[in-house]
Amino acid sequence: MNSGKNVRFRIHRRENPSAPPRWEEFEVSYYPGMNVIGALMEIQKNPATADGKPTTPPAWEANCLEEVCGSCTMVINGAVRQACSALVVNLSQPIELRPMSKFPNLRDLKVDRSRMFEGLKKVGAWVPLDGTHALGAGPKVSPETQQKAYALSRCMTCGCCLEACPQYHSRSQFIGAAAISQVRLFNLHPSGAMNAGERLEALMGPGGVSNCGNAQNCVKVCPKEIPLTTSIGEVEWQVTQHAIKKLLGF
Amino acid sequence: MAETKIIIVGGGLAGLMTTIKAVEAGAMVDIFSIVPVKRSHSVCAQGGINASVNTKGEGDSPQIHFEETIYGGDFLGNQLPVKGMCEASPNIVYLLDRMGVPFNRTPEGNLDFRRFGGSRYHRTAFAGATTGQQLLYALDEQVRRFEAEGKVKKYEGWEFLSILKDGKGSCCGIVALDLIRMEIHPFLAGAVVLATGGPGLIFGKTTNSLTNTGGAAGSVYQEGAIYANGEFIQVHPTAISGGDKLRLISESVRGEGGRVWTLKDGKRWYFLEEWYPAYGNLVPRDIASRAIYKVCRELGLGIDGKDQVYLDVTHIDKKRLRERLGGVLEIYEKFMGESPYEVPMKVFPAVHYSMGGLWVDFDQMTNISGLFAAGECEYQYHGANRLGANSLLSCIYGGMIAGPKSVEFVKSKAGSITSSEVDSQVLEQKQTIEEIYNMQGVENPHRLHQELSEMMTSHVTIVRENKKIEVVCGKIRDLMVRYQKIGLSDTNRWANGEVLFTRQLWNMLVLAELITLGALQRDESRGAHYKPGFPDRNDEEWLKTTKATYTSQGPRLEYEAVDIQYLKPRPRRYDQATAGVKK
């Protein structure tokens, strides 16, 4: 498999959240089709730096390796993306790997994204069922609505949109594009829509949809090409309508 | 009344469905998962979920689904639970639809269905070509709702180490490790459900995710749980090569009209259509994998002389492809750099799924009282070969049984564990991890894993020969000796993946031995288990379930009769239609 070439990496290291960050360089033999994860796996088999010093294998997150689980987000040559679909052949060297900066860095390339899941809880991103007992078929849905919902439902909670967003950081409460787009998804569903008001309420206060600064970075970095800015615009409109209705006492 | 606590290990489809059902039955649930549950391997399932709703007016029914599943599994599946699953399937798909899964629709707004392997009916509901992801998300959302209501507590980023047993050997909790802090703690519960997925990583590069080591099943096997039909490993016919994994190209691609071909004498040869006229490209996976293997390895007719054949959708309307298969075609394009809309895909078989797993009774309980299992980590629903789009179904159905049955078990249970019993069992796990920390030999755990997996993939997958399997058995023992000479390069007490991988590697070796020995003993060909030396199914001697029990000298194999109360075994063939034909 080795075709004789070496690939050079520059990888962010940090032993634990209170340790100082540092950089290490690595070299791995290239094989055709190699992605960033494949290279990290080669380093695991022989954990030594480019100048031959033994070191610990870098810690990184990954699971499915086909860009559907959202685990392996990192900043690769300055761009936030999934490491599994980052093919080495398309990257300039040394390939620089950094953890996302908007989430607490646990070790090396690992971060803690639990704030994203809390956001989903806050907006009630689910269809409230009466129960899982047999209640017959679900509501009819047109193919057009299905295609729209499916595009939104592919969000992997990977964090790319938040890493790219200037309004989202540790000192801001902004919930970010991913959760806002999920509100649009559930408000679109025939029975999900019955609780649309509650979801919109959750986006009205501090950290809500009005915190969006319209930088439009989120939609550019989304690996699943989710129309995030359209979602934000649509949800903003829903929030406005909801606020007016409330004001008028409907 | 005391609170009923259930621990569920694993947060894929089976674990989450079990959670929902257990909560509805009144229990409080703790879920333990290595990854945030939304990132579980269920996301990788692409093609769909089977349900005989018969919306196409073809006369499909749960009975025909049942017959095709048993026939597709070469009569090794116990018939009562399989029948229960097929009968439940229409309501399961309706339930998922109510949860908001964006299933593809017909022009009238009904659920759309497509064809899958081993069936002649449109029975598979789907959400694009990322159905597993969409199903997992729907269950994840429901569980998040229970979490917000305080009925579920998630331990994400925790690894299961062992079960806790009381004086009578009954399971009453687990010992788990915090993957960041590396701390080990006991957790008590009335019952434990494992929903930890398959052991694909034993074969290294497969269609599986990195967490699919079978580690949890391997642990409880060493604690006395019986493992059944381990030798039945499904090899999926169509995957793409890669250095880190082999990426699945869903059977739904053929369900939507994709055709498999290679070149023979300069002309396109649609060998599946020629050899199996009744099912064509939609023969079951074991049959298609063997055919592609034969074309490449025996006839030497792989494309460019390599291990690959074409899977072609270029003749299908692009809009239709995008709406129904977009997700999987996107994977091909991103990783191979070629557009499957324009150029036929190059594919070859890859290890995909384990039909075998922990032995369970019809209530999903293992032979250890209080320990249940659901999903791919158990053996119950697929016999010797799983039909496509039955795995999502079996995960959900298994969870629907395990949830209420585990709660019922707790309510009738007597006795409890003492604190000194807990302490000594926790200490045992702490010592094991400490021993790994102190390993100072010369072997690298990832390189040992590579050796194991390459050997298993070469000799214990599509074609199995006793002579070679015997060699593998010996080499696994060698690897177990070399395992003791591992040296760790990372001894940090914080987020140390190498320590955990080393522990998982041991469990993989133990399961590899059970799989290999099971294959060696079974001198017949049935479903995914094919021996050229014994090319026929032998019901007289081998219509029986393999049951492996752990001993330090290796697995002890016993056999159990298969439940064949509804359908009498008959020869399985796919050149003619003899299953699920309207009577």
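Helices and strands on this tour are DSSP runs, numbered from the N terminus, with at least four residues for a helix and at least two for a strand. Keep in mind as you click along that the model is predicted.

**Stop 1: two backbone details**

Start in chain A and select the loop between strand S4 (79–82) and strand S5 (95–98), where you will find Pro94(A). Show the backbone here: the peptide bond that joins Gln93(A) to Pro94(A) is cis, and its omega is near 0°.

Now switch to chain B and pick Asn54(B), in the loop that runs between strand S3 (49–50) and helix H2 (62–72) of that chain. Asn54(B) is not a glycine, yet its phi is positive, at about 60°.

**Stop 2: a cavity with both chains in its lining**

Next, turn on your cavity display. Searching the whole structure gives nine cavities of 30 Å³ or more. Go to the second largest cavity, whose volume is about 210 Å³. Which residues should you select to find its centre? Of the 22 lining residues, the closest to the centre are Ala149(A), His189(A), Gly100(B), Val101(B) and Pro102(B).

To see the surroundings, colour helix H3 (143–153) and helix H5 (177–188) of chain A, then helix H3 (79–99) and helix H4 (131–148) of chain B; these are the elements that each give two or more residues to the lining of this cavity. Colouring by residue class shows 13 nonpolar, six polar and three charged residues in that lining.

**Stop 3: the second largest pocket**

Stay with chain B and move to the second largest pocket, which holds about 520 Å³ of space. Select Gln222(B), Gln429(B), Thr432(B), Arg503(B) and Trp506(B): among the 19 lining residues, these are the closest to the pocket's centre. Strand S7 (158–165), helix H5 (215–222), helix H11 (419–437) and helix H14 (497–521) of chain B each supply two or more residues to the lining. H11(B) has the largest share, with six residues.

By class, the pocket lining divides into six nonpolar, eight polar and five charged residues. Why does this pocket lie between two domains? Domain 1 (5–232 + 355–411) and domain 3 (419–542) of chain B both contribute residues to the lining, so the pocket sits between them.

**Stop 4: two neighbours of H14(B)**

From the pocket, follow H14(B), one of the elements in its lining. First add helix H13 (residues 466–483) of chain B: the two helices pack at an angle of about 160°, and their axes are 10 Å apart. Angles over 145 degrees count as roughly antiparallel, so H13(B) is roughly antiparallel to H14(B). Their crossing is left-handed.

Then add helix H12 (residues 445–459) of chain B, whose axis comes within 10 Å of that of H14(B) and crosses at roughly 20°. Here the cut-off is under 35 degrees for roughly parallel, so H12(B) is roughly parallel to H14(B). The crossing of H12(B) with H14(B) is left-handed.

Notes: Residues numbered from 1 in each chain as written. Chains lettered and ligands numbered in written order. Predicted model: local features only at pLDDT ≥ 70, side-chain atom pairs only at ≥ 80, totals over all residues. Heavy atoms only, no water. 1 Å grid on protein atoms, 1.4 Å probe; cavity = no way out; pocket = protein on both sides within 12 Å on 5 of 7 lines; lining within 4 Å. Points joined across faces, edges and corners; volume = space filled by probe spheres on them. Nonpolar A, V, L, I, M, F, W, Y, C, P; charged D, E, K, R; others polar. Domains from an automatic or database assignment. Axes fitted to C-alpha atoms, helices over the stretch in contact; angles between N-to-C directions. Parallel < 35°, antiparallel > 145°, perpendicular 65-115°, else oblique. Left-handed = near helix turned anticlockwise from the far one by under 90°.
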